[in-house]
Amino acid sequence: MKNYLVDENGYYGEFGGAFVPKILHRCVDELRQSYPTVAKYGLKAVMLITPETSEERIRGIDANTDGFIYMVSSAATTGAQKSFDGRKLEYFKRIDSLGLRNPRMTGFGISNRDTSRTACEWSSGAIVGSRFVTLLDEHEGNAEEAVLALKHDLGLS
């Protein structure tokens with residue numbers, strides 16, 4: 001693993017940003033060695049789980065993260081969905097029943113009022129990615145218009 005220390009400007013390795021959304025679970029110990037420097041800039045270890053992630057691995061992730069758990073809603077690629085099907089709802093229920101110590105944020109497929117509502121019902125919130133990028137494109141890069149359109153799509157305006 002490369003040495004991803006926070007630089008004097010608060011950027012984390014070559015990626016920058018406020019948090020690193022995914023790291024290999026096996027690299028957590030190495031990250032923790034430099035954690036005092038990382039924590040100084042407010043960075044948190046955020047790890048992903050999917051419907052295929054085993055309970056053992058989920059519990060290990062829960063024990064080794066200090067931000068939130070990124071609960072990927074689907075094993076498929078990200079993108080818009082009208083709603084979550086029964087399999088996804090069973091996954092949300094299964095994860096909820098584990099009684100994890102960290103909050104969960106649900107991402108992948110959050111694009112409308114129904115998916116946002118369902119994600120927030122089964123986790124601490126929703127992460128919107130592809131839909132926002134699409135809206136930025138539709139609004140020719142105007143972030144303010146894209147945010148307003150996203151709020152409308154999610155039923156927040």
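## Helix 7 and the acidic patch

E145 sits in helix 7, which spans residues 143–153, where helices are DSSP runs of H or I with at least four residues, strands are runs of E with at least two, and both are numbered from the N terminus. The model is a predicted one, in which local features need pLDDT of at least 70 and side-chain atom pairs count only at pLDDT 80 or more, whereas totals for chains, interfaces and linings use all residues. Residues are numbered from 1 along each chain as its sequence is written, and side-chain values use heavy atoms, with hydrogens and water left out.

On the surface, E145 joins D137, E140 and E144 in a patch of negative charge. Such patches are made of residues with over 30% relative accessible area and no salt bridge, like charges being joined within 9 Å and nonpolar side chains (Val, Leu, Ile, Met, Phe, Trp, Tyr) within 5 Å. Asp and Glu count as negative and Lys and Arg as positive, while His and the chain ends are not counted; the place of a charge is taken as CG of Asp, CD of Glu, NZ of Lys or CZ of Arg. Because its relative accessibility is 40%, E145 counts as partly exposed, and E140, at 76%, counts as exposed. In these classes, buried means under 20% relative accessible area, exposed over 50%, and partly exposed in between, with a 1.4 Å probe and protein chains only; the areas themselves come from the Shrake-Rupley method.

## Loops and backbone angles

E140 is found in the loop between helix 6 (130–138) and helix 7, and has a positive phi of about 50 degrees although it is not a glycine. A positive phi, near 85 degrees, also occurs at F108, again a residue other than glycine. F108 belongs to the loop between strand 3 (104–107) and helix 5 (113–122), and its relative accessibility of 26% makes it partly exposed.

Another loop, between strand 1 (47–49) and helix 3 (55–64), holds T53, which counts as buried at 10% relative accessibility. A polar atom of the T53 side chain lies 2.8 Å from the backbone nitrogen of T50. A polar contact is a pair of N or O atoms within 3.5 Å; within protein, one must be able to donate a hydrogen and the other to accept it, and residues adjacent in sequence count only if both atoms are side-chain atoms.

## Salt bridges

Side chains of opposite charge can pair when their charged atoms come close. A search of the whole structure finds seven salt bridges, each being a side-chain nitrogen of Lys or Arg within 4 Å of a carboxyl oxygen of Asp or Glu. One of them joins D96 and R104 at 3.1 Å, N to O; D96 is partly exposed, with a relative accessible area of 39%, whereas R104 is buried, at 10%.

The side chains of D153 and R131 meet in a salt bridge of 2.8 Å, N to O. This pair links distant parts of the chain, with D153 in helix 7 and R131 in helix 6, 22 residues apart. D153 is partly exposed at 22% relative accessible area, and R131 is likewise partly exposed, at 21%. Elsewhere, D114, R117 and E121 are joined into one network by salt bridges that share partners. Within this network, E121 and R117 meet at 3.3 Å, N to O; because they are four residues apart in helix 5, about one helical turn separates them. R117 is partly exposed, with a relative accessible area of 47%.

Notes
Accessible areas come from the Shrake-Rupley method with a 1.4 Å probe; for residues, only the protein chains shown count as cover.
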